[in-house]
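Reader: I have a new model open and no idea where to start. Can you walk me through a few spots?
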Amino acid sequence: MSTSGKVIKCKAAVAWEPKKPFSIEEVEVAPPKAQEVRIKILATGICRSDDHVMSGAFAMPFPIILGHEAAGVVESVGEGVTYVKPGDKVIPLFVPQCGECNSCVSSKGNLCTKNDLGAACGLMNDGTTRFTCKGKQIHQFASTSTFTEYTVVHETSVAKIDAVAPPEKVCLIGCGFSTGYGAALNSAKVERGSTCAIFGLGGVGLSVVMGCKAAGASRIIGVDINKGKFAKAKELGATECINPQDFTKPIEDVLMELTGGNGVDYSFEVIGRTDTMTAALASCHQNYGMSVIVGVPPTASQISYNPMLLFTGRTWKGSVFGGWKSKDSVPKLVADYMGKKFNLDALITHTLPFDKINEGFELLRAGKSIRTVLLIAE
């Protein structure tokens, strides 16, 4: 029986307030309006950015349905949608691609102005939400909201992918893998034979390691206070790993010593802490080193640093979604995965049923998982 044009009642993990567990609730998902797409979610990854919202570090309006790294199938489309049709396999995009704004038109940009990341409102383009629960409006997250059996996104926030791609693997292309891999290849443009340091060896940090290796870096140094992540980092391309807690001196001084006083060519901060952002900057070559901020910084945080770090020539930049133009690049990245150009399987340490979402977040907070993928029941 067709659900097109009707409200769908389904399960979703609702975050009613920060610092409280998710609550599995029955929600109503409205039909897609013009230029919108309703998606049946098949698999969704747990990303640190979702946890930053739950902790209050990344400010968002509550109540909210989080999740932004997923794969699914189009259930129905609103008026005027031509890019996808019901039955198409898709990945929702937390960075849209409208194709018309300055960032989309420029070869240098990828952060479409239609995004809902900075001053987030948690609503669709018309100022309303498609989710209700217990009579209350539930906010949407980052143009996606994937911790639910069904979601609604704008046509600019969805990419059509290979119909045979496994959703429980390629969902990582919706955020974690692409963000890290692209930070090395697109944002930093890591050069063959270079030396790189990656601060933070979670799912995104390990994807940076993979990107540095793919670019031909000769030395890839992983930096993390959790030694349990070192074996996986080396398996994916790190040549050595260090724990800042093993040293009495600042980690930037340690990295300077490890590189003969020169510093690394490229450093990546993949944690989202202001102290590690400045340490990563200070650890790269004083003249031509580049440091890339990949981790989401806490809302309203400020950063202070010695301007001489930049005056000498260093480059400090940010990277959102790895610099990829989302709608153009995601289908190609899925094709590359299907062609065995990179391995996503190594990043997935746990696969859980959707209703175990709180357990998945506990694994993340305890440092016991790299990526947990939640499987949404058929």
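Author: Start with the second largest pocket, keeping in mind that the model is predicted. The second largest pocket has 16 lining residues, and nearest its centre lie Lys108, Gly109, Asn110, Asn186 and Gly323.

Reader: What volume does the second largest pocket have?

Author: About 280 Å³.

Reader: Which helix and which strand each supply at least two residues of its lining?

Author: Helix H4, residues 176–188, and strand S16, residues 315–318, each do that for the second largest pocket.

Reader: And how many of the lining residues are nonpolar, polar and charged?

Author: The lining of the second largest pocket has 10 polar residues, 4 charged ones and 2 nonpolar ones.

Reader: New topic. How many disulfides does the structure hold?

Author: The count is 0.

Reader: Why is there no bond between cysteine 98 and cysteine 112?

Author: Because their sulfurs are 3.6 Å apart, which is too far for a bond. A disulfide needs the two sulfur atoms within 2.5 Å. For cysteine 98, the sulfur of cysteine 112 is the closest cysteine sulfur.

Reader: What about cysteine 171, how far is the closest cysteine sulfur?

Author: That one is in cysteine 175, at 11 Å, so it is also too far for a bond.

Reader: Are cysteine 98 and cysteine 171 buried or exposed?

Author: Cysteine 98 counts as buried at 17% relative accessibility, because the cut-off for buried is under 20%. Cysteine 171 is buried too, with a relative accessible area of 0%.

Reader: Let's move to threonine 146. Where is it?

Author: Threonine 146 is in the loop that runs between strand S8 (136–140) and strand S9 (150–154).

Reader: Is threonine 146 buried or exposed?

Author: Buried, with a relative accessible area of 0%.

Reader: What does threonine 146 touch?

Author: Leaving out residues up to four places away in sequence, threonine 146 touches Ile41, Thr44, Leu66, Gly67, His68, Glu69, Ala70 and Pro92. With threonine 44 there is a polar contact of 2.8 Å between the side chains.

Reader: Last one, helix H7. Which of its residues are buried?

Author: In H7, residues 251–258, the buried ones are Ile251, Val254, Leu255 and Met256.

Reader: Why might buried residues in a helix be spaced three or four places apart?

Author: An α-helix has 3.6 residues a turn, so residues at that spacing point the same way.

Reader: And what covers the buried residues of H7?

Author: The cover includes strands S11 (195–199), S12 (219–223) and S13 (240–242), along with helix H8 (274–282).

Reader: What follows H7?

Author: Glycine 260 does, and its phi is positive, near 65°.

How values were computed
Residues numbered from 1 in each chain as written. Predicted model: local features only at pLDDT ≥ 70, side-chain atom pairs only at ≥ 80, totals over all residues. Heavy atoms only, no water. Helix = DSSP H or I, 4+ residues; strand = E, 2+ residues; numbered from the N terminus. Buried < 20%, exposed > 50% of the residue type's maximum accessible area, 1.4 Å probe, protein only. Polar contact = N/O pair within 3.5 Å; in protein donor to acceptor, adjacent residues only side chain to side chain. Contact = heavy atoms within 4.5 Å. 1 Å grid on protein atoms, 1.4 Å probe; cavity = no way out; pocket = protein on both sides within 12 Å on 5 of 7 lines; lining within 4 Å. Points joined across faces, edges and corners; volume = space filled by probe spheres on them. Nonpolar A, V, L, I, M, F, W, Y, C, P; charged D, E, K, R; others polar.
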